[in-house]
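This report describes the fold of a single protein chain, from its overall dimensions to the packing of its interior.

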Amino acid sequence: MPHLIHMDVSELEPPEPMSVILNELQQLSTDTAIRVFHRRRPLPLYSFLQKMGYSYHCVELGVCDVIIYIWPQDDQLLGEFCLQAASQEESS
């Protein structure tokens, strides 16, 4: 069963959000993805994720509310799980 770690980095100042997210990814266990609540799209993070072998999906809830789902690229089941969760948030 997939697991989802919830993180809120919306109150952190740059570059702390990226550091916190990358640190959590290094400790990520199998069948686990991360759901990050952020105040903006962290564009520099996306290239790091791709180089590290992670996929992501960003949901914009408002001008200052963004949710990013991050999961290993090679885990198709976890990717489907994240996209389904993101879809539910987009339709809310």
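The sections below treat the overall architecture, the sheet, the helices and the nonpolar cores.

## Overall architecture

The model is predicted. The protein chain contains three helices and four strands, and from the N terminus on these elements follow the order β-α-β-α-β-β-α. With a radius of gyration of 12 Å, close to the 12 Å that the globule rule gives for 92 residues, the protein chain is as compact as a globular protein of that length.

Taken along the principal axes, the box filled by the C-alpha atoms is roughly 30 × 30 × 20 Å. Of the 92 residues, 39% are buried. Among contacts with a separation of 6 or more, 59% join residues 24 or more positions apart.

## The sheet

The four strands form an open sheet with mixed pairing, in the order E1-E2-E4-E3. E1 and E3 are the edge strands, each pairing on one side only. From one strand to the next, the twist averages 20 degrees.

Strand E1 (residues 3–8) pairs with E2 in the parallel sense over six bridges. Within this pair, His3 stands opposite Thr32 of E2. The connection from E1 to E2 passes through H1, and this β-α-β crossover is right-handed.

## Helices packed on the sheet

Two of the helices are described here by their contacts with the strands. The sheet order is E1-E2-E4-E3, with mixed pairing. H2 packs on this sheet through contacts with E3 and E4, and its direction makes about 155 degrees with that of E3. Helix H3 (residues 76–90) also packs on the sheet, where it touches E1, E2, E3 and E4. The direction of H3 makes about 170 degrees with that of E4.

## Nonpolar cores

In soluble globular proteins, nonpolar side chains tend to be buried together. In this model, the largest nonpolar core has 16 residues, of which Ile21, Leu25, Ile34, Val36, Leu49, Ile68 and Ile70 touch the most other members. Two or more residues of this core come from each of helix H1 (16–26), strand E2 (32–38), helix H2 (43–52), strand E3 (54–62) and strand E4 (65–72).

Val36 illustrates the contacts of one such residue. Leaving aside residues up to four places away in sequence, Val36 touches Met7, Val9, Ile21, Val66, Ile67, Ile68 and Ile70. A second core, separate from the largest one, consists of nine residues, including Ile67, Trp71, Ala85 and Ala86.

Technical notes
Residues numbered from 1 in each chain as written. Predicted model: local features only at pLDDT ≥ 70, side-chain atom pairs only at ≥ 80, totals over all residues. Heavy atoms only, no water. Core = buried A, V, L, I, M, F, W, Y, C linked by side-chain atoms within 4.5 Å. Buried < 20%, exposed > 50% of the residue type's maximum accessible area, 1.4 Å probe, protein only. Contact = heavy atoms within 4.5 Å. Pairing = 2+ DSSP bridges. Right-handed = clockwise from strand over helix to strand, strands pointing away. Axes fitted to C-alpha atoms, helices over the stretch in contact; angles between N-to-C directions. Rg over C-alpha atoms; globule rule 2.2 N^0.38 Å.
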